[in-house]
Each structure stands twice: as C-alpha cells, then as structure tokens.
Amino acid sequence: MENDFVQKEKETLKFWEDIKLLDLIKEKNKKGEPWSFLDGPITANNPMGVHHAWGRTLKDLFQRFKSMQGFSERFQNGFDCQGLWVEVEVEKELGFRSKKDIERYSVEKFVNKCKERVHKYSKIQTEQSIRLGMLRDWGNWQTDFDEKGEWMQKAHSYFTMSRANNYAIWHFLKKCHEKGLLYKGHDVVAWCPRCGTAISQHEILTEEYKEITHKTVYFKLPVVGENDTYFLAWTTTPWTLPSNVFLSVNPHFTYAKVADPKTGEFYILLKDKANLIENGQIVETFEGKALENKRYTGLFSELEAVKEALRGYTHKVVLWKDVTAEEGTGVVHSAPGCGQEDFKLGKLLHLPVINPTDDESKFQEGFGELSGKGVYANETRDYVFANLENKGLVYKIEDYTHRYPTCWRCKSELIFRLVDEWYISMDKLRGDLAKSVKQINWIPSFCLERELDWLHNMHDWLISKKRYWGLALPIYECSACKNFDVIGSKEELQKRAVQGYEKFEGHSPHKPWIDEVKIKCSKCNAISSRIPDVGTPWLDAGIVPFSTISDNNRYEDIPYFNNNKKEWAKWFPVDLVCESFPGQFKNWFYVLLVMSQVLEDEKPFKSLLGFASVVDEKGEEMHKSKGNAIWFDQAVEKIGADVMRWMYAKENPASNMRFGYSVAKENQRKILIFQNCFTFFKIYTDRSKVKSQKSKGQVKSQNLLDQWILSKLNSLIKEATESLEKLDPSKATIAIENFWINDLSLWYLRRSRKRFQTEENPEDKKQGEQVFYEVLLTICKLVAPVMPFLAEDIYQQLKDKDAPESIHLCEWPKYNKKLIDEKLEQEMQQVREIASLALSKRAELGIGVRQGLQKIKIQKSKFKNINQNSKVLGLIKDEINVKEVIFNGDVEGDIELDTIITEELKEEGYVREIIRNVQSLRKKSGLTPSDTNVVISYFVNEKLSKVLKENQTQILESTRSRELRESKEKQGEFLAQAEFKLEGEVLWIALERAT
Ligand SMILES: [Zn+2]
Ligand SMILES: [Zn+2]
C-alpha cells in the first residue's frame with residue numbers, strides 16, 4: 001500500500017515532465033501581475049535531510065498557490081557554494097589537518113575539488129527537490145567542464161560561486177568603499193585554530209557554545225615595593241599569561257588585603273572573595289580606585305618577545321567599571337593581544353600589546369620554549385604551570401566547567417587573537433536599517449524584535465577570511481603607500497590590469513588564478529596586489545537579490561547590471577522570503593538588509609516567513625552522530641512526498657517541528673479519509689452524467705445537506721485563501737483537513753449514503769452527485785499547492801475532457817458569498833450536537849441504532865438555533881432513528897429519549913438488521929451496486945417470515961436485489977450464505993444470481 005503511494009507519485013512526476021508543466025504555467029500567467037519569491041540558497045554540500053524539506057515545502061506551496069491565482073513568477077532555486085563548509089568537507093575527504101596541507105597539495109587543485117563537490121551535491125539536491133515535488137525552473141543539468149577546468153553551468157538555478165554572483169559582490173564592495181564604509185581593522189577577533197581563519201560575530205551562534213572543562217589557575221603577581229604582598233588573579237586560558245600587560249579592578253568594588261596564615265603572605269582581591277584563602281584574615285579593606293596605577297612584577301619578563309613589546313613599561317593596575325564579581329577574584333588578568341575587551345581598553349590607555357600567536361595559533365618567535373607550540377596544546381599549559389610553580393606564583397590549580405565558544409564548522413575551541421581583517425562599518429547604516437526592518441511584515445511576529453535586537457548589538461561586519469574557496473575580495477593594497485583600491489567589476493579589472501591578466505582570463509574569479517593579476521596603485525603608481533583573503537560566504541548569499549534576478553533565470557545576463565533596472569525592479573523588493581529563522585537574524589536576513597540598504601536604500605523583501613527547526617519525535621535535535629537524523633531519501637521512499645509536505649504545512653512555524661514516522665502515519669490515516677470519500681464517489685455515482693460547472697457558483701440543490709456542504713465549502717475556500725494570503729498555511733491546511741474529515745466524511749456522506757447508494761429519488765441523487773463532485777474538485781484545488789501529487793491524481797480522474805491538463809493549471813477557487821448560509825451552518829452544528837448526545841445515550845442504554853424509537857425530546861432553551869419546523873429535523877430523525885422530534889422547555893438535561901419499544905418498532909428494527917446482513921453478504925460475494933439481478937433466499941421461522949414478506953419492497957430496494965425467495969432448506973449452490981440471530985430466532989439467508 002505504502003509503495004503504491006510512492007509509485008504513483010513517481011508516475012505523476014513523469015506526467016509533469018511530459019507535459020512540461022512549468023512552461024504551461026508560465027504561459028498561462030505570462031500577463032499576470034508579478035509576485036516575487038526569492039530562494040535562500042541551500043548549501044550544496046551534502047544530500048538533503050528531512051529538515052530541508054520543511055522550508056522547501058513552504059516555499060513551493062506559496063509559489064504554487066500564487067501561480068494558481070494567476071500571478072507571474074520566477075521559479076528559481078539557489079545553491080550556496082563557497083566557504084568553509086565546503087572546504088572542511090574536502091579537507092576531510094583528502095585527509096588534511098591544516099592549511100599547510102592545502103598549500104602543499106596545491107590551491108588550484110583544492111579549489112577545483114571544492115567546485116566538484118558543489119557540483120556533485122547540487123545535482124543530488126536538485127533530484128531530491130524534484131522528488132519532493134518542488135516546482136522550479138531546474139533547466140538542463142550540464143556536467144561539462146571547459147578546457148580550463150571551469151564548470152559550464154547550464155542549470156537555471158543560481159550558484160553563489162558563479163561569476164555573476166562574485167562580480168556582483170565586487171560591485172557592492174566598491175559601493176561600500178565609495179561610501180567610506182570599508183576599512184582594514186587591527187583588532188582582536190575570534191579565531192579557529194584548526195581552520196586558521198577569523199570567525200565573525202555573526203557566526204558565533206548560541207548553539208556554538210559548548211560545555212568545556214578547563215584547567216584554570218589562581219596565580220600571584222608580586223606588588224612592587226610591598227614585601228610578601230601579591231595581587232591574586234585567575235584565568236581559564238593559561239596560554240594567555242605570557243601576554244599579560246595589566247590588571248583591571250572595578251573602581252567601585254571593595255577590595256581587601258588578606259593574610260594567609262599558612263604562608264605568611266598577603267593577597268589583594270575582592271573582599272567578597274576573601275574566603276578563597278583558607279583561614280585568611282582580612283587586614284585591610286579599600287575601594288578599588290585606591291589600587292589605580294599600583295605596579296606589579298610581570299610573570300614572564302624573561303621572554304624576549306615580552307621585553308621587546310613592553311620596552312621599559314612596568315605592569316600596573318587600571319580601573320575598569322566592567323569588572324564583575326561573579327567569577328575569579330575581581331582582579332582581572334588583562335592581555336590586549338588575546339582578548340577583545342582587553343584590547344579595546346589597552347588601546348584607550350595607550351598601553352603596549354603582546355601578540356603571541358601566528359596564523360596557525362602557535363606561539364611566535366621570542367616566547368622561549370613556548371615558540372612553535374600550539375596555544376591549546378597540553379604541553380603549553382603544563383609549561384606555563386611549571387614555570388609559574390618554579391617562581392612560586394601558583395596559588396592553586398583547579399578544573400572549571402563553563403560554556404565556551406567553538407568553531408561552527410569544525411567545533412574546535414576558538415581563541416582570540418590580534419589580526420588585520422577587513423570590515424564594513426555599521427554605525428552609519430544602523431538607523432536606516434532599523435527603519436527598513438520596521439517596514440517588513442515579519443512572521444512569526446517576534447522575528448521583528450529579534451532582528452532589531454541584532455541591529456542594535458551588531459559590531460562592524462568582519463568580511464575577510466584567510467582561506468581559499470570563496471569570493472576573492474577585490475581589494476588591492478599598495479605595499480608602498482598603504483593606499484587600497486577596490487575593483488568593482490571584471491571590466492574594471494581588465495582595464496586596470498598591468499600584469500598577469502592573460503593567466504587569469506577564462507577562469508572564474510577565484511584563487512589562485514585571480515591572484516596573477518596586478519594593478520597600479522591609484523595613489524603612487526606602484527604595482528599593487530590583491531590581498532590574499534577571501535570573503536565571508538554571507539556576502540555570497542546576501543547579494544542574490546541583485547545578482548540572480550532576471551525574467552528567464554539565465555543570469556549570465558543580469559538586468560541589474562545591464563541597465564535594465566526596470567525589468568529588475570519588477571521583482572524587487574521581493575514579496576516573500578521563507579527560511580528557517582534560527583541564526584538567520586545575524587546572517588541571511590541581516591546581509592540581505594545590509595546589501596540592499598547600501599545598493600538601493602531599500603528593504604530587500606516585503607514579507608518574511610520564518611520557521612523553527614526540525615527535531616526528532618522526542619523533541620531532540622537531529623544529528624548524524626547521534627543516529628537520529630533522517631535522510632530525505634529514506635523518508636520520501638517510506639511515506640511519500642505528499643504526506644511529508646502535509647505534515648510540514650500543518651506545523652506552527654514558530655516552534656520546533658517533531659518529525660517521525662508515527663506522526664507521518666497519523667497524517668497518512670487522515671489523508672486516506674479524503675481518498676475514501678473519492679473512492680465512494682467513484683463507486684456510487686455515474687461520472688458520465690456529472691459535469692464540472694463552467695461558471696462559478698452555479699451548483700444548486702434543493703437538498704438541505706447539499707446546501708449545507710456548499711455553504712461549508714465556500715466558507716472553507718474563504719478561510720483557506722485568507723490564511724494563505726496571510727502566510728499562515730498551518731491554519732489553511734488544518735481547516736481543509738477538518739472539512740474533509742468532519743464535514744464531508746463524518747456528516748455529509750454519512751447522511752447521504754442511502755441517497756447515493758439507492759435509486760429512491762433519482763432527481764435528488766443527481767443533484768447530490770453534482771454537489772459531491774464540486775466538493776471533491778474544489779478540495780483537490782485547495783490542497784494542490786500542498787499535496788501536488790494526490791491532488792493531481794484525483795483531478796485526472798475527475799476532470800472534464802476540455803478542462804486544464806493539470807490541476808496546477810486550474811484557477812484557485814473563489815468563494816461565492818451567496819452560497820454561504822451562516823444560519824444553516826449554525827443549525828446544522830446543533831443538529832450534530834443533538835445527534836451525538838442521542839447516540840451516546842443509546843450506547844449507554846444498550847439500544848442499537850437500528851432499533852427505531854418513537855421520539856426524542858429536546859431542551860428548547862439549549863438548542864435555540866433550530867426552528868421547530870426546520871427541515872433539519874429530518875436529519876436528526878434519520879441519524880438517531882426516531883420518529884418524532886419534540887422541542888420542550890421542560891426536559892431534564894439536554895435531551896430525553898423515549899425508550900419504549902413497541903411491536904411495530906421492533907419489526908422495523910428486524911427489517912434494518914436483515915438489510916444490513918444482506919448488504920454485508922453482497923460485499924462478501926464481490927457484488928457491486930450495479931449488480932441488481934440478485935435473488936435472496938431465506939429460511940426462517942413463521943414470525944420472521946411474515947416480517948420479510950410484509951417488508952419485501954423495502955428490503956429489495958435497499959439491497960438492490962430482484963427477488964426474495966423462501967427456501968425449504970439451508971443448502972444449495974450460492975454466492976454466499978450466512979446465519980444470524982434476531983431476538984433469539986435464527987435466520988438463514990443466501991445470495992445467488994437470478995437466471
Ligand atoms: Zn574551525
Ligand atoms: Zn601606493
């Protein structure tokens with residue numbers, strides 16, 4: 001069964017391919033108003049997991065919805081291609097451990113490997129997305145590389161590694177330079193020792209902090225001029241101690257001089273921390289400001305690099321109001337070469353800097369035995385402890401567990417080091433950005449606050465990376481005069497090149513080829529080289545509203561850069577972006593905002609639909625290493641794309657989604673209810689007589705149930721349309737599902753079964769069939785954006801010959817206000833309440849529903865919506881099998897059932913029982929409703945025989961049979977036979993075909 005489901009979807013994919021569905025949609029909507037969707041690029045680095053399918057479902061459902069509404073659209077997919085995530089995977093493949101391995105291997109070969117990896121996984125992701133049913137302009141997959149090894153890209157998806165994308169970023173950076181926003185900063189930044197590159201503030205997400213236990217040390221710093229007196233300080237990073245320049249204390253805190261009876265020494269620390277000294281005696285207390293400029297002896301004064309950097313400076317205490325009392329001793333070890341805050345404070349006070357680390361995070365020359373050792377190596381830590389121990393400066397060493405930042409890519413512990421990096425200054429942009437952010441419709445609404453919060457807290461944007469596979473920053477720094485030039489396009493580079501352009505020509509603007517090109521410094525005419533850095537991949541993803549938007553998705557020819565801004569402006573600002581929000585406030589959303597602000601002084605998008613993360617069924621994060629990750633391929637083969645999409649669409653985007661196969665099964669069961677309604681339609685109606693209604697809202701019926709279901713259907717169209725327009729697919733899908741389960745299946749069909757299954761009233765049946773048909777067709781249209789496969793499958797069996805070829809070429813249904821009858825809906829609601837009360841009463845009393853009862857009394861004041869003469873009373877009678885419904889003010893509880901069973905009622909009950917048993921025998925015999933040439937034989941006692949004879953017409957009609965025949969014995973050749981008991985009497989019946 002499950003595999004049928006999956007097989008059917010594959011056939012439908014083939015059908016769409018054969019009819020060239022996307023071309024037909026574009027043709028249908030080519031004059032439509034544009035509705036612009038921008039795809040956030042998926043990292044082409046691995047096959048998709050189920051978590052990718054959430055966003056991809058939402059993206060696709062909105063594009064399909066808008067195309068049914070007649071909007072013209074671009075259906076472009078994006079792949080994120082450059083950056084550390086690809087580099088690290090290729091390094092793993094090649095078994096590399098550091099940047100040196102890459103250099104030894106050859107940067108050219110390494111970069112080509114990165115391109116190959118992107119190529120491989122973007123192809124896999126394309127196939128997977130097609131399988132998910134994503135309607136996109138995929139183009140032709142072209143696997144060729146040209147003679148220079150450059151990938152000739154013919155797919156219509158955008159790739160952030162493309163020339164177009166990289167040159168567009170050059171344009172942006174040049175604009176930044178012209179506006180005075182680009183600068184080279186000398187600053188302490190977070191740095192990954194393994195990856196050998198700076199990690200910007202944006203990339204350190206809260207989830208990148210890990211619980212780590214470090215060996216920490218309380219150490220002593222001798223106060224100059226006071227015998228046996230020390231400052232007591234503490235650090236979690238012993239490797240930074242040789243770089244200590246000053247100590248910081250809070251001017252407003254109370255400090256103390258504490259005598260240690262064990263050693264006879266005195267320690268200066270926060271008064272509140274005096275208990276660190278066992279049996280310590282407070283000798284004296286004073287405010288922190290009293291300590292200002294107190295001198296102390298440095299810890300590693302013997303090291304050449306320290307002497308060199310300090311040049312006669314003596315270590316001292318400075319006042320700093322940000323010193324806290326939470327950790328340590330309140331006397332803070334400050335090393336401006338190893339900490340961001342320390343660096344800032346030292347700079348302000350013109351204090352020297354000791355910069356210990358090189359690019360590989362090893363100690364530089366001049367640090368004695370430490371030189372060449374990695375800062376996190378155990379031998380480094382042990383050396384520092386031993387050295388201090390020898391000098392008698394260790395107070396105590398202890399383990400300490402805290403949250404510490406790690407590299408988002410390789411999970412190494414980050415360090416802080418002083419480097420030259422390139423930045424975009426944010427202060428000038430902050431105000432305008434906040435204005436743009438407030439013009440955007442953020443869903444969920446808390447996203448607005450989160451984005452504003454980030455804007456408020458963000459530092460300047462660090463854009464450089466000392467890596468290989470990425471945007472070549474077009475910054476040419478003159479070594480003679482320190483001036484730098486920024487190149488804004490390929491043409492400009494060609495014009496200004498004075499060396500090496502021929503070696504670069506024909507290659508993509510990547511390392512190492514781009515670095516062949518030299519230009520002349522615009523200030524001093526010296527030969528100037530490109531800085532070796534590449535750009536952060538967030539530049540790659542942020543430029544896409546400019547670099548990829550074109551009508552035909554063939555972005556070799558970008559309107560924005562070809563004086564065709566009118567075409568480009570048709571699609572900008574984009575109407576919707578839809579991405580998983582964790583992390584993106586500082587990343588994709590943010591870079592889109594910044595780049596649009598700089599280039600166009602405009603918001604990049606009008607609405608944003610954000611969604612949370614996919615977790616496993618127990619609510620735990622999915623991880624490859626934990627073994628609870630579910631790959632997309634596995635899931636789609638098991639449950640099919642539609643079920644997955646339905647689950648995702650129903651989810652509240654503000655909270656994490658729990659994905660698992662038991663949730664899938666539950667959804668499958670609900671979807672099956674809709675399929676069963678359709679199966680019922682196929683079996684019991686004459687499809688050739690039912691026609692799709694060309695003009696909307698022309699379906700009319702005298703039948704109350706029909707009127708009700710049409711009213712409900714039109715209310716549903718209204719609600720679903722409004723919800724989707726408000727970017728709330730959860731509300732829309734839940735309403736649709738409720739409709740087919742509770743309204744269509746559990747009430748309309750339940751109460752219409754007899755009408756469809758018999759020919760009692762042909763005119764009424766015909767009306768019903770027409771209504772039922774419209775309902776099914778409309779549901780197909782409403783679910784088409786979410787379950788494109790199932791909708792197509794049913795539509796193909798329902799559609800008229802001259803109707804559109806695919807459901808996805810149909811118009812989105814419009815509701816007809818005239819068909820919405822709120823009063824009827826309310827009445828029916830109460831009818832259903834009464835029915836449900838009466839049925840549970842029957843169950844309680846043990847009286848089956850086939851046993852007719854005389855009357856039900858209903859509390860008038862409770863069911864005010866129902867009129868005494870209303871036609872809906874017939875439905876109550878049928879549903880709960882009573883002859884009269886009486887409204888009364890004087891009923892105990894809500895309803896009262898008359899439970900006296902007269903002979904007459906008893907007989908009617910028998911007839912129902914007999915009919916039911918014949919029906920089930922018919923089913924067993926494989927007879928269909930159209931098989932009417934059936935003879936029912938029976939063998940029974942006198943009393944029941946009389947009942948059968950008296951009710952012959954009713955029994956035959958209800959069971960679609962020709963003849964009732966009393967038999968003398970219980971045997972013969974029959975299609976099926978059975979015995980059952982009625983009030984203690986045995987009844988035998990058997991079916992055969994009439995001859
Ligand atoms: Zn790393
Ligand atoms: Zn110069």
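Is Cys524 buried, partly exposed or exposed? In this predicted model, Cys524 is partly exposed, at a relative accessible area of 34%, whereas Cys478 is buried, at 1% (buried means under 20% relative accessible area, exposed over 50% and partly exposed in between, with a 1.4 Å probe and protein chains only). As the model is predicted, local features need pLDDT of at least 70 and side-chain atom pairs pLDDT 80 or more, while totals for chains, interfaces and linings use all residues. Residues are numbered from 1 along each chain as written, chains are lettered from A and ligands numbered from 1 in the order written, and side-chain values use heavy atoms, without hydrogens and water.

Both cysteines serve the zinc ion (ligand 2), whose protein donors are Cys478 (SG), Cys481 (SG), Cys521 (SG) and Cys524 (SG), 2.2 to 2.4 Å away (donors are N, O and S atoms within 2.8 Å of the metal, or 3.2 Å for Na, K and Ca; water is not among the atoms, so sites may look incomplete). The angles between the four donor atoms run from 101 to 118°, so the arrangement is tetrahedral (for four donors, all angles between 85 and 135 degrees). Along the chain the donors follow the spacing C-x2-C-x39-C-x2-C.

Turning to the aromatic rings, the whole structure holds 45 aromatic pairs (ring centres of Phe, Tyr or Trp, the latter by its six-membered ring, within 6.5 Å; planes under 30 degrees apart are stacked, over 60 edge-to-face, the rest tilted). Phe546 and Trp568 form a stacked pair, 5.6 Å centre to centre with 25° between the planes. Both Phe546 and Trp568 are buried.

How values were computed
Tetrahedral: all angles 85-135°; square planar, octahedral: opposite > 155°, others 65-115°.
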